[in-house]
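Reader: I would like to learn how to read a model like this one, feature by feature. Where do we start?
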Amino acid sequence: MKRQFILGMAISALSAGMAMAQVAPENVEYTDGAIEQSLSGTPGDAVEGKKVFATAALGNCVACHAAEISKDIPFPGTVGPALDGAADRWTEAQLRGIIAKSKMTFEGTIMPSFYQTAGYIRPGDAYTGKAGTEPLPPILSAQQVEDVVAYLLTFKE
Amino acid sequence: MKQRKITTALAATAMLGFAFTGAAFAEPVDDALVIDGTEITIRAPAPAHLNGALPDLVSGWAFRDTETRAMQMDDFDNPGMIFVDRGLDTWNAVDGTEGKSCASCHEGPESMAGLRAVTPRVDEKTGKVMNIEAYVNDCRTTRMGAEALNLRGAQMTDMLALISHQSRGQLMNVAIDGANAPIYEQGKEIYYTRYGQLEMSCANCHEDNYGNYIRSDHLSQGQTNGFPVYRLKDAGLVSPQSRFVGCVRDTRAETFKAGSDEFNALELYVASRGNGLAVEGVSVRH
């Protein structure tokens with residue numbers, strides 16, 4: 001009895017600790033392109049995720065992707081496939097992986113990696129055209145990735 | 001491997017999805033570009049050296065909206081023509097220690113007809129890549145005793161407009177052999193390199209995705225035959241290398257400078273991808 005109680009405490013302490021210590025881009029573990037573990041330890045917020053999806057300075061997903069669910073965001077691009085039913089096709093872990101480092105799932109894709117900080121050719125300082133120094137800040141924070149995953153999980157047909 | 005197949009299938013259904021949501025038709029227009037009763041060649045078979053990378057060539061003009069296309073069809077509506085006139089003033093202006101203008105050696109600007117269609121090219125003697133800007137600055141510094149012009153400044157873009165206009169309608173024919181060959185190869189390498197935090201090459205947008213929309217921008221083949229272009233967004237004239245600066249910056253990369261070896265090589269390579277399209281001699285883009 002007592003033993004189990006202590007173990008339980010230890011586990012919740014551990015997960016609380018992990019919620020603080022998010023997974024840094026260089027420590028992310030990919031399994032066939034998917035990321036099982038939450039990057040931030042805090043559940044994603046679909047409303048925030050929609051902002052990430054729509055905002056040019058954040059995910060700017062709408063530059064390449066359209067979907068019925070996101071049709072109130074004007075001028076979606078056609079470079080990427082429409083995302084209708086994305087949540088039916090992909091698990092949460094796969095979606096997280098596609099956003100963090102799309103090239104692990106789609107070899108050679110034009111889709112950028114949103115949670116990566118190094119390994120670039122002539123990395124810049126955001127959109128200034130000036131040189132940046134690796135590690136760069138990832139394009140999206142751990143929480144923003146979780147938020148946009150939460151939003152994508154609503155893309156069901 | 002498996003994933004790839006899945007996505008191709010998905011992409012196909014995605015396109016159907018588009019038909020339903022009624023997104024704008026993504027093909028470039030079929031219209032002809034006619035200025036002053038003369039048709040300007042804006043479609044051509046792809047040159048052999050592209051090895052099928054593009055099925056055929058289409059000028060950026062055909063990807064722009066109706067109003068923008070119309071502006072270029074009438075020299076009185078084309079805001080770029082103002083820069084051609086201003087260029088003529090610079091052409092005739094005496095400058096530098098030798099007391100000369102361009103006109104002192106070259107007479108009228110018509111003497112420059114054809115140059116835009118075959119540049120950039122490598123000068124056999126010096127080994128330098130010569131585009132129009134390089135010729136202008138070479139004359140200024142070695143023959144006029146004048147200062148080199150800022151490559152992206154107003155006076156230089158005026159000269160670029162004036163000189164390009166003299167070749168309007170002539171077909172781009174940039175050599176890829178002889179002294180140009182190594183520069184062509186260097187430019188090609190840059191064209192296919194995925195720069196910046198977005199890891200995108202010129203080819204990702206202008207070869208793989210022309211005809212698609214990136215947000216509200218209808219991607220063209222990124223041809224340079226229209227340059228310099230008057231960009232409505234900037235309310236100003238843009239040289240090919242200024243455009244390259246913008247495109248590379250948009251990949252979250254450290255750009256190259258206008259006039260750098262890299263952009264000179266890229267300009268030669270991109271120009272050769274348009275061999276067969278006509279020089280538009282100041283075009284309008286949004």
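Author: With residue classes. Ala, Val, Leu, Ile, Met, Phe, Trp, Tyr, Cys and Pro count as nonpolar; Asp, Glu, Lys and Arg are charged; the others, Gly among them, are polar. Keep in mind that this is a predicted model.

Reader: How does the lining of the largest cavity divide by class?

Author: A cavity is a set of points where a 1.4 Å probe fits but cannot get out. The lining of the largest cavity has 5 nonpolar, 3 polar and 2 charged residues. Its volume is about 60 Å³.

Reader: Which residues line the largest cavity?

Author: Chain B supplies the lining. B:Arg116, B:Thr119, B:Pro120, B:Asn131 and B:Ile132 take part. B:Leu160, B:Thr224, B:Pro240, B:Glu267 and B:Ala271 are also in the lining.

Reader: How many cavities of 30 Å³ or more does the structure hold?

Author: The structure holds 2 of them.

Reader: What kind of peptide bond joins B:Thr119 and B:Pro120?

Author: Read omega. For B:Thr119 and B:Pro120 omega is about 0 degrees, and the bond is cis. B:Pro120 sits in the loop between helix H5 (115–118) and strand E5 (121–122) of chain B. Both B:Thr119 and B:Pro120 also line the largest cavity.

Reader: And what is the peptide bond from A:Glu134 to A:Pro135, cis or trans?

Author: That bond is cis, with omega near 0 degrees. A:Pro135 belongs to the loop between H4 and H5 of chain A.

Reader: What is the phi of A:Arg122?

Author: A:Arg122 is not a glycine, yet its phi is positive, about 50 degrees. A:Arg122 also lies in the loop between H4 and H5 of chain A.

Reader: Now an open site. What is the volume of the second largest pocket?

Author: A pocket, unlike a cavity, is an open set of points. The second largest pocket has a volume of about 420 Å³. Its lining takes in 22 residues. Nearest its centre lie B:Lys128, B:Val129, B:Met130, B:Asn131 and B:Ala134.

Reader: Which elements give two or more residues to that lining?

Author: In chain B, strand E6 (129–130), helix H6 (132–144), helix H8 (181–191) and helix H11 (261–273) do. H6(B) gives the most, with 6 residues. By class, the lining of this pocket divides into 7 nonpolar, 8 polar and 7 charged residues.

Reader: On to the interface. How many residues does the contact take from each chain?

Author: Contact means heavy atoms within 4.5 Å. The count is 32 residues from chain B and 44 residues from chain A.

Reader: What is the area buried between chain B and chain A?

Author: About 3400 Å², with carbon and sulfur atoms giving 57% of it. On the side of chain B, B:Gln197, B:Arg215 and B:Arg252 supply 25% of the area buried against chain A, more than any other three residues.

Reader: How many residue pairs are in polar contact between the chains?

Author: There are 16 such pairs, both residues at pLDDT 80 or more. Helix H1 (2–21), helix H9 (202–206) and strand E7 (213–214) of chain B each give two or more residues to the side that touches chain A. H1(B) gives the most, with 8 residues. That side of chain B divides into 13 nonpolar, 11 polar and 8 charged residues.

Reader: And how many salt bridges does the structure hold over all chains?

Author: The total is 16. Why does one pair join two chains? B:Glu199 lies in the loop between H8 and H9 of chain B and A:Lys103 in the loop between helix H4 (92–100) and helix H5 (142–152) of chain A, so their bridge links the chains. Between chain B and chain A the count is 2 salt bridges. In the bridge of B:Glu199 with A:Lys103, the closest N and O atoms are 3.5 Å apart.

Terms used. Residues numbered from 1 in each chain as written. Chains lettered and ligands numbered in written order. Predicted model: local features only at pLDDT ≥ 70, side-chain atom pairs only at ≥ 80, totals over all residues. Heavy atoms only, no water. Buried area = accessible area lost by both parts, 1.4 Å probe. Salt bridge = Lys/Arg side-chain N within 4 Å of Asp/Glu carboxyl O. Polar contact = N/O pair within 3.5 Å; in protein donor to acceptor, adjacent residues only side chain to side chain. Helix = DSSP H or I, 4+ residues; strand = E, 2+ residues; numbered from the N terminus. 1 Å grid on protein atoms, 1.4 Å probe; cavity = no way out; pocket = protein on both sides within 12 Å on 5 of 7 lines; lining within 4 Å. Points joined across faces, edges and corners; volume = space filled by probe spheres on them.
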